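Here's a quick walk through a structure, written for someone who would rather look at contacts and angles than at a cartoon. Have the viewer open and follow along.

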2 protein chains.
Amino acid sequence: KPPPCTDFDVAYFNSYAHVGIHEEMIKDRVRTDTYRAAIMQHQSYIAGKVVVDVGCGTGILSIFCAQAGAKRVYAVDASDIAVQANEVVKANNLSDTVIVLHGRVEDVEINEEVDVIISEWMGYMLLYESMLGSVICARDRWLKPGGLILPSNATLYMAPVTHPDRYSDSIDFWRNVYGIDMSAMLPLAKQCAFEEPSVETIAGENVLTWPHAVKHVDCYRVTLHELESVSTRYRFKSMMRAPLHGFAFWFDVEFNGPAISPASNHVTATFAESSNDQPMDYSQRKKRPNPNEALVLSTAPEDPPTHWQQTLIYFYEPIPVEQDQLIEGSVTLSQSKENPRFMNIHLEYTSGGRSFVKESVMR
Amino acid sequence: KPPPCTDFDVAYFNSYAHVGIHEEMIKDRVRTDTYRAAIMQHQSYIAGKVVVDVGCGTGILSIFCAQAGAKRVYAVDASDIAVQANEVVKANNLSDTVIVLHGRVEDVEINEEVDVIISEWMGYMLLYESMLGSVICARDRWLKPGGLILPSNATLYMAPVTHPDRYSDSIDFWRNVYGIDMSAMLPLAKQCAFEEPSVETIAGENVLTWPHAVKHVDCYRVTLHELESVSTRYRFKSMMRAPLHGFAFWFDVEFNGPAISPASNHVTATFAESSNDQPMDYSQRKKRPNPNEALVLSTAPEDPPTHWQQTLIYFYEPIPVEQDQLIEGSVTLSQSKENPRFMNIHLEYTSGGRSFVKESVMR
């Protein structure tokens, strides 16, 4: 019944068997502190309940849940890091509470319903790595009606950026190399620097407008099908005159309370605005006070940096834009057919009467 | 006659087709400035002569030689970056002087003897990547008796190091992770952090003694055969009390004048000490004034950092050493049978009555 484990999946799981990647994630204090705070904020719900941790890694979130009083935590990971997680659990005398399951969420057996799903599933550009699919699988297999999913929802944003220093460092550099004109390198330099999305940290000052919400994910309702391809149209009005170098993508996730709808199994986040699906609503949401005081883990350029940084798609040539000039177009993110863990990015943009298309693959 | 071009060679050449690696090398000003200064220092020799640039990359060193008055420069590179080098040469109206040859030194044809070989062939730990073999090939195929090789000689050094912060960051970190004892991660953390050589920048203060010269390379006389396996015994006396965390490796290269021996084709650097083959001689050489005023490109921890940084081999456990305590043993560097571009490192060390062996592979 579960989909077969492909070579791509195996390579993906192997990449998480190395300690360094877990060290980097744990040392990302914005990430780990926010998860811990979210668990403690929901302690009264978690205490005495059954939790599943999807992609547990070293098991740190599972142990936080045990510390919050969970009756039982199923810590699931397909990577060999699960062997270490089990050792950590034993060494902390938590074997009665935390049960490490070394396998895919799609394959392991949990013979009871769970009250809480916790998972740190977010990849670069939110959807890269496609681990949200495992959260969906866990939800549909085990989550009780009215159960809690942490994080409860996520939003992927995009915004036009200007980044003259970055462009100059990689591209204009070749115009004068120790007095030699190496402009002949420019076409290849542009291709090498900007063909693929670039994960890097930019500053709030690099962003030309408020962001546009590319995709809102309600973890209670999202389906695998809707993640196969995500499309949106955007329309920005530049707040300043600047060369437009490309688009930045980032995300935030929120840790709202449990779903409480009596009408349906997996429906209704408590988040008040989630019924309003207008992009402009989400795109400006984070600038307003949060009515639920839900914890937010943000990877925005104006917020403290995280290991996710931002993901940049640069143009081969900058586009000069005036203040109030429109920048519009569309973006489609889809799973690569070559490797479902990869992401194809189809970007169309028009400004100042010129239109462009850029295809890239995040590998 | 030339050895066949293997899949490993193709992968190696492809890695140099990306612009980023050339950008990094050119932006390493210690490297590029020293090469340019060396060419200008030997301008009177180079003017009117025939030069071959082994592994020319973007062609920058070839153009420096043309600027120094070379009659003709053969710029050879097996990577596709040679296509760009040719464009750069054309754009600078140097096509009459600089002839780009896209192929291996072993395969391309140059129908005249050359006066000068210039090459930036040094890899991490000097010998990683094995590009010196191409310099040897060029020398044996084309260099005139009494010709000039830049750099003329190279020395690989090693020294014991202490680096408590590095060890603590990667290893001790797991002893207390947000209040959780994750010591169960230590064995895997040590393996992941320290199984392979690590390219990183350390400071002079991390080094416990004067260095030992592992290998001196006289570019006029070195043979392929002697590079297949390099062995040395070392004996250090720690200058301080500290935990010994491993060994650092680095190198320097010198740009001496042309070989002038009438007795042999490819013999005799002018470097005065090159007849004295005692390791201690080389190991302390750079601390003394340079009698030939030869330019030196150094990648030592106490010198300004370069893109080569230093190469560290860490132990799984630090060894406490007292001031004046002996640290002795041997090291053997050999080409990997798996991939000749890789390097096997066999390290034996004894201190305080305990002996250890560490095998690692630089991939």
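## A buried valine in chain B

With a relative accessible area of 4%, B:Val105 is buried. Keep in mind that everything here comes from a predicted model. You'll find B:Val105 in the loop of chain B that runs between β3 (98-102) and β4 (114-119).

So what does B:Val105 touch, once residues up to four places away in sequence are left out? The list is B:Val54, B:Val76, B:Ser134, B:Cys137, B:Ala138, B:Arg141 and B:Trp142. As for B:Gly133, its C-alpha sits 9.7 Å from that of B:Val105, with the two positions 28 residues apart in sequence.

## How the two chains relate

Put chain A on chain B and you get an RMSD of 0.0 Å, using a rotation of 180° and 0.0 Å of shift along the axis. That's what a two-fold axis does. Both copies use the same surface, too: 100% of the contact residues of chain A turn up again in chain B.

## The interface

On each side, the contact count is 36 residues: 36 of chain A are in contact with 36 of chain B. Together the chains bury about 3100 Å², and 72% of that is on carbon and sulfur atoms. Which residues of chain A lose the most area to chain B? They are A:Val19, A:Tyr178 and A:Ile180, which together make up 23% of what that side buries. If you're hunting for salt bridges across this interface, the rule finds zero.

A:Tyr178 deserves a second look, since its backbone has a quirk as well: phi is near 50°, a positive value in a residue that isn't glycine. A:Tyr178 sits in the loop between α8 and α9 of chain A, and at 14% relative accessibility it counts as buried.

## Helix α9 and what it packs on

Helix α9 of chain A covers residues 186-194, and its buried residues are A:Leu186, A:Leu188, A:Ala189, A:Lys190, A:Ala193 and A:Phe194. Where do the buried residues of α9(A) pack? Within chain A they meet α8 (164-170), β12 (310-321) and β15 (354-362). They also pack against α2 (19-27) and α6 (81-91) of chain B.

## Backbone oddities

There's a cis peptide bond from A:Leu150 to A:Pro151, with omega near -5°. A:Pro151 belongs to the loop between β5 (143-150) and β6 (153-161) of chain A. Over in chain B, B:Leu150 and B:Pro151 are also joined by a cis peptide bond, with omega about -5°, and B:Pro151 lies in the loop between β5 (143-150) and β6 (153-161) of that chain.

A:Met125 is another one to check: phi is positive, about 55°, although the residue is not a glycine. Is A:Met125 buried or exposed? It's buried, with a relative accessible area of 2%, and it lies in the loop between β4 (114-119) and α7 (132-142) of chain A.

## A nonpolar patch on the surface

Finally, turn to the outside of chain A. A:Trp210, A:Met239 and A:Met240 form a nonpolar surface patch, with about 300 Å² of accessible area together. One of its members, A:Met240, is in the loop between β9 (229-237) and β10 (242-255). A:Met240 is partly exposed, at a relative accessible area of 31%.

Key
Residues numbered from 1 in each chain as written. Chains lettered and ligands numbered in written order. Predicted model: local features only at pLDDT ≥ 70, side-chain atom pairs only at ≥ 80, totals over all residues. Heavy atoms only, no water. Least-squares fit on C-alpha atoms with pLDDT ≥ 70 in both. Contact = heavy atoms within 4.5 Å. Patch = residues over 30% accessible without salt bridge, like charges linked within 9 Å, V, L, I, M, F, W, Y side chains within 5 Å. Areas by Shrake-Rupley, 256 points an atom, 1.4 Å probe, with all protein chains shown as cover. Salt bridge = Lys/Arg side-chain N within 4 Å of Asp/Glu carboxyl O. Helix = DSSP H or I, 4+ residues; strand = E, 2+ residues; numbered from the N terminus. Buried < 20%, exposed > 50% of the residue type's maximum accessible area, 1.4 Å probe, protein only. Buried area = accessible area lost by both parts, 1.4 Å probe.
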